[in-house]
Amino acid sequence: MSLHNKFLKNNTIGIIPVAFNAGQPKKGVEKGPKQLLDGGLVPQLEKLGWKVDFDGKIHDFEEIRPQSDPDDGVAKNPRFVGRVAEEVNKRVVAELKKGNVALTLGGDHSIGLGTTTGTLEVFPEACVIWVDAHADINGVDDTESGNLHGCPLSWAVGVSRIVEGFQWIANVQQPRLKPSRLVYIGLRDVDDAEKRILKEHNIKAFSMYHVDKYGIGRVVEMALDHVNPDRNRPIHLSYDVDALDPSVVPATGTPVRGGLTFREGHYICEALYETGLVVAMDCVEVNPDLSTKKEDLDLTIRTGMSLIRAAFGESLL
């Protein structure tokens, strides 16, 4: 790793594996972190010149699962999802305060509430680049499915009712994620309520239409120009692998046709690494149980690891 990062004290990646699936109904996504780590992620990052801080433990957070977790409206598992998000927040804060970059491996994307608020707690001026097929900003009373992996940003931005399990947000998140500091890349499956929220709060979003129209290089530049115009703010990159086309990552829970190509997906990571501003990354929604063929699982795991390596300095030349 030869590129200087102005916000990191150490040349160290702190890995936070989160084996969690309660934000959505499909079992198996909790196995994603182990698959990425068993695939050789740690030595791959070390080969790029990083030190890696990882204690070898993969957290499933069963010790904080509530005995009773009834739905709140249609919202499913709210107490467990909220508690885990709080724990993830604490772990991200701990890594960043050590001067490490925080790499969180999911698990479903509900953990993005904990990761982004953790980054904001240490770096209040940070911006968030959310790479995803979905906007994940449904309010808890707007979600049709009740699956809270589609809601984390609604709490981060402050547009959702606080339900039991999420009371901690009011205490630790100072400031909230400003709508002007959030930008999306890769959207192509957005609920009507989410479209309304994006418009009401003037949240910048680049859908696959924009990728087709402008090309991925221009889209990344426009995204950075919006949330980080002077290139002086820390960047939190939250990457759902379903942003890529299902032909590239077949083993994921909510695949949507027409996604980013392998190269487009990697370019985002490469370009953000080149800014020298990335302080945290999430890689989520790898679900080994959804692969019907071994080659589908292998392809998804290889792609996930490759995206991470690209975000930490691997280049084509």
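**Helix contacts and pockets in a predicted model**

In this predicted model, helix α9 packs against helix α10 through a defined set of residues: Ile216, Gly217, Val220 and Leu224 in α9 meet Glu264, Tyr267, Ile268, Ala271, Leu272 and Thr275 in α10. By class, this contact has seven nonpolar, two polar and one charged residues. Glu264 is the charged one, since Asp, Glu, Lys and Arg count as charged. The axes of α9 and α10 come within 10 Å. They cross at roughly 45 degrees. That angle makes α9 oblique to α10, because it falls outside the ranges for roughly parallel, roughly antiparallel and roughly perpendicular. The crossing of the two helices is right-handed. Helix α10 spans residues 262-275, and α9 spans residues 216-227.

A second helix pair was examined in the same way. Helix α3 covers residues 78-97, and helix α4 covers residues 112-122. Their axes come within 7 Å and cross at roughly 40 degrees. The angle makes α3 oblique to α4. Here, too, the crossing is right-handed. On the α3 side, the contact involves Ala85, Val88, Asn89, Val92, Val93, Leu96 and Lys97. On the α4 side, the partners are Leu113, Gly114, Thr115, Thr117, Gly118, Thr119, Glu121 and Val122. The classes are mixed: seven nonpolar, six polar and two charged residues take part in the contact of α3 with α4.

The search then turned to open spaces. Rolling a probe the size of a water molecule over the atoms shows where empty space is left. The largest pocket has a volume of about 320 Å³. Its lining is made up of 22 residues. Nearest the centre of this pocket lie His134, Ser145, His149, Asp191 and Thr254. The lining of the largest pocket divides into one nonpolar, eleven polar and ten charged residues.

The second largest pocket has a volume of about 220 Å³. It is lined by 14 residues. Closest to its centre are Leu198, Ile203, Lys204, Ala205 and His210. Four elements each supply at least two residues of this lining: α7 (192-200), β6 (204-207), α8 (208-214) and α9. Helix α9 thus appears both in this lining and in the contact with α10. By class, the lining of the second largest pocket holds eight nonpolar, three polar and three charged residues.

Conventions. Residues numbered from 1 in each chain as written. Predicted model: local features only at pLDDT ≥ 70, side-chain atom pairs only at ≥ 80, totals over all residues. Heavy atoms only, no water. Axes fitted to C-alpha atoms, helices over the stretch in contact; angles between N-to-C directions. Parallel < 35°, antiparallel > 145°, perpendicular 65-115°, else oblique. Left-handed = near helix turned anticlockwise from the far one by under 90°. Contact = heavy atoms within 4.5 Å. 1 Å grid on protein atoms, 1.4 Å probe; cavity = no way out; pocket = protein on both sides within 12 Å on 5 of 7 lines; lining within 4 Å. Points joined across faces, edges and corners; volume = space filled by probe spheres on them.
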